[in-house]
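Let us take a walk through a protein chain together. Keep the picture in view as you read, and turn it whenever a new residue is named.

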Amino acid sequence: MSGPGAGFEYPPVEVSWLKRDVLLFANSIGCTSDELHFLYELDPNFAVFPTYPIILPFKNNKQEVIDFYAAQKAIKIPGVPEFDARRVVDGQRLVQFLKPLPTTSEGKKFEIRSKVLGVYDKGRPGTVVETQNDLVDAGTGEVYTRAIGSGFYVGQGNWGGPKGPATENFPPPKGKTPDVEFENQTTQQTPLLYRLNGDYNPLHIHPEPGKKMGFGGVIIHGLYSWNWAAHGLLQKLGGSDPANMKEFQARFASPVRPGDKLVASAWRTGEKKGEWEEIRFIVKIAGGKVVLSNGRALMKVVAEAKSKLNTITMSTGPQVGDRLSYDGAICTVRYLGEVAGTSGTWLGVEWDDAARGKHDGSHKGVRYFTCRSRSATPASFIRPTRPAEAPVSFIAALQDKYAAELANTTAIQFSGKIAEEVGFEKTRSKQARLSELRYAVLDGSRIATVYGEGELSITDTCPKVVELDLSRNLFRKIGPVVAICSELPRLRELRLNGNRFQDILDDGDLREANKSLQSVKELALEETLLSWEEIGHLAKTFETLSALSASTNQLSSLPPIPLSPLTSTLTSLNLEFNDFTAVTQLGSLAALTALRHLHLKGNNISAIRVADSNESTPIFSTNLQYIDVSYNQISSWSFVDELPTCFPGLTSLRFAHNPIYDQPNPELSTNPNNSTEEAYMFTVGRLASLKTLNFGTISAADRQDAEVFYLAHIGKHLATVPETREAEILQHHKRYAELCELYGPPAVNRTKEINPAFLEARLVTISFVFHPEGGDVVQRVTKVPKSFDIYAVKGIAGKLFGIKPLSLRLIWETGEWDPVAGFDDEVEDSSGDEEDLSTIEQEQVTRPGDNSQTGEKAGKWVRREVELPDGPRQLGFCIDGSEAKIRVEIR
């Protein structure tokens, strides 16, 4: 962001809504009686229409009518003219739906956090103000929606501002018939109803503002047309499911008068970002102008595709424990029965994607089932008659993904000759030969069984597979996975992320599975919500397993469990994005004597031991060399000091993005703007055995610089306390004696307490040092009042050395060393591969100024010097302390 006004942040605005507001909004934009989940508060799937947050910047937290003009002109954007909010219309809106909105804000505090992205002068027509509005849960910081929009201030341009960047356009496909069309006859009542949502702009009810702006009278809210179009797309293409729209945007092209008929045309582009297809659309007045242009949405298209899906309705009906897929969204049946206040039977399901749910298994204070997920809304009630997508076998999924692609490929010809396939086409052709397939990715393929009727064996179909991804499928038990692996003798890597295996501890298929799984070296069990006991029970059946990933499983402690044979085979363990708060909660991992890499990124670790706990510090194997504790809550250097005790083999650490790393020492920081540099210095200085930090190798010069800097920091810390408290301070710096042996003790300059009324307190003892050209260094010491300005100090120096005062430069030598900037460039917080720890050798440490190592890069240090500029500023405000050394130079 650049330009006048860009980056300006408005104060957060608290917003709130009731179920009544949600119902009114859905009614005002055209939701119909077959969409009761938007219109009826007692519907089991009652939900907020996804674009509702667009109204909150107008409504705020008010239930009363709002003075629109007063609310709009409350805060002026700095650096640009003050615009008249009485002459503003909507320009364009883009909304991203990040998290489903609760049906009421009650019990939570929500805020709109807004900032200006740009202010653009469009000349005589007016000015565009582009803003970003985030709807945020103030308690958790979670962003629910992000709206990027522009307001067009009519006739308020020509103030000399930037014209602004070119707008990205999304025109409808040329020459293609729309896939969907829908229309709406507006009336005089249309803006009267929509304004009750909170947008009380007089332009939409009284003719006077519209006449002044050149519209001839009342016009309908631009956001009414915008929201109406969003509803039409979701209804026609998304099955009216709010989870099926990810983004929606349109540009306001021309006004709509009450009584105009709106006609929308939409095209499916076939272009997808994952499961989200891009939809293009326009809205016109029937027989007239375009109302909304640049229309674009990202959607899961389900309504018109349902007839093409391979769906089933089970004759016996779904049962508790079944894994079902609805339009690509997978869930587990947790309940089957009635729900109070409704008729008929319901399925209570827990969605794998918790954001898709509406509650936690309870309804109107009655709990019907319990979910594995700790999310507040992973569950929904749905009717058993709703058709689910058919589960498939492993062989069917494999053939559908890899063999079918080749069958549907048409050879490319030039002048009657078939061209050789290259690049991706050649790769695809190779993989389609299933007998040669080595990497099989069947993530989200609805696999529930191994074979279907009449299918060839896995051994005959794809015997050479070495990496297999079976993540996010419909397995109830682990048995089918074991059966698949038993026929893949070359399998080395298996990914089972996002599955919901049941009864792992009592599953008989695991008792004799060791032989079937003995070739697998790497196993991924991320997002399975298995307990540590279940993860360990499953993992130890892989007798030669070397790498295990169990991130995002809600783990908060690892109770001791039998882990043999993993104790001697497992070298890498990934426990990222769990719920650990202390290292002692991981103490059982000390039994993994072969472990070399431990990944703990994204937990809530803040200490070695749990507060008020008598637990002893766990001591891990000396083979454990690499630890990643980035993105945690570590806020004390005592944690770093204890790392060598817990991890005696530690040589490589990732520690960035912790509170103590971002703000290493605000009280004694020498350079607050380069906190990352200081954090790097402190970390290296405190850990003598560390060879890499945040993926950057620590050279001998780096270590020397860090240790000298850290030692100087200790000296500054000691200078802030009396000598009687030195021992107390040094308890927090375990390497102090060792560093003093290497570099000598630091200077500790304590300021002597002097009665401010005494003359001594108002004098500075200055040692003037002059280097005459061709002569010896001359030094003079004198006392100078702090109240003297720099001109007077130059006069004293000139008199001492017989030089004209105004020909002198005075440089205060502070005696301190500062690191030169550049650590961020060399020690990048990368997410790349782990360092090969075995190749890093110990480097020799040298003192500052010691250049005995041939070719050694100089330390990144410079003495801090401050020139005293001419002027009336008093000496006491230019230097620190009661003593100073000032170098005198000829200009």
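We will begin with the whole chain and then visit a few places in it. Please keep in mind that this is a predicted model.

Start with the overall picture. The chain has 891 residues, and 48% of them are buried. Its secondary structure consists of 21 helices and 38 strands. The accessible surface amounts to about 42300 Å², with carbon and sulfur atoms contributing 49% of that area.

How do distant parts of the sequence come together? Take the contacts between residues at least 6 apart in sequence: 73% of these join residues at least 24 apart. A single residue can make this idea easier to see. Look for Pro173, in the loop between β5 (143-154) and β6 (180-185). Along the sequence, Pro173 is 95 residues away from Arg268, yet in space their C-alpha atoms are 9.1 Å apart. Once the neighbours within four places in sequence are set aside, Pro173 has contacts with Trp267 and Arg280. Is Pro173 buried or exposed? The answer lies in between: Pro173 counts as partly exposed because its relative accessible area is 28%, and the buried class is for values under 20%, the exposed class for values over 50%.

Ala355 offers a second example. Find this residue in the loop between β14 (346-351) and β15 (362-363). Its relative accessible area is 28%, so Ala355 is partly exposed. From Ala355 to Ser375 there are 20 residues in sequence, and the C-alpha atoms of the two are 8.5 Å apart in space.

Now let us turn to charge. Side chains of opposite charge can pair when their charged atoms come close. How many salt bridges does a search of the whole structure find? The search gives 43.

One of these pairs involves Arg280, which we have already met as a contact of Pro173. The side chain of Arg280 forms a salt bridge with that of Glu278, at 2.7 Å from N to O. Both of these residues are buried.

Another salt bridge joins Glu111 and Lys109, whose closest N and O atoms are 3.8 Å apart. Here the two partners fall into separate classes. Glu111 is buried because its relative accessible area is 11%, while Lys109, with a relative accessible area of 41%, is partly exposed.

Further along the chain, Arg887 and Glu889 form a salt bridge in which the closest N and O atoms are 2.8 Å apart. The relative accessible area of Arg887 is 15%, so this residue is buried. Glu889 has 22% relative accessibility and therefore counts as partly exposed. This pair also belongs to a wider arrangement. Which residues does the network of salt bridges link? Its members are Arg809, Glu813, Glu865, Glu867, Lys885, Arg887 and Glu889.

Charged residues can also be found in a patch. On the surface, Arg438, Arg490, Arg492 and Lys521 gather in a patch of positive charge. To find one of its members, go to the loop between α9 (423-432) and β22 (439-441), where Arg438 is placed. Arg438 is partly exposed, because its relative accessibility is 38%.

Finally, let us look at the backbone. Where is there a cis peptide bond to look at? Go to the bond from Ser564 to Pro565, which is cis, with omega near 10°. Pro565 sits in the loop between β27 (547-549) and α13 (566-569).

That loop between β27 and α13 also holds Gln554. Although Gln554 is not a glycine, its phi is positive, at about 60°. Its relative accessibility is 18%, so Gln554 counts as buried.

A positive phi also appears at Asp327, again a residue other than glycine, with a value near 55°. Asp327 can be found in the loop between β12 (323-326) and β13 (329-337). Why does Asp327 count as buried? Its relative accessibility is 19%, and buried means under 20%.

Key. Residues are numbered from 1 along each chain as its sequence is written. This is a predicted model: local features need pLDDT of at least 70, side-chain atom pairs count only at pLDDT 80 or more; totals for chains, interfaces and linings use all residues. Side-chain values use heavy atoms; hydrogens and water are left out. Helices (H or I, at least four residues) and strands (E, at least two) are DSSP runs, numbered from the N terminus. Buried means under 20% relative accessible area, exposed over 50%, partly exposed in between (1.4 Å probe, protein chains only). Contact means heavy atoms within 4.5 Å. Patches are made of residues with over 30% relative accessible area and no salt bridge: like charges are joined within 9 Å, nonpolar side chains (Val, Leu, Ile, Met, Phe, Trp, Tyr) within 5 Å. Accessible areas come from the Shrake-Rupley method with a 1.4 Å probe; for residues, only the protein chains shown count as cover. A salt bridge is a side-chain nitrogen of Lys or Arg within 4 Å of a carboxyl oxygen of Asp or Glu. Lys and Arg count as positive and Asp and Glu as negative; His and the chain ends are not counted. The place of a charge is taken as NZ of Lys, CZ of Arg, CG of Asp or CD of Glu.
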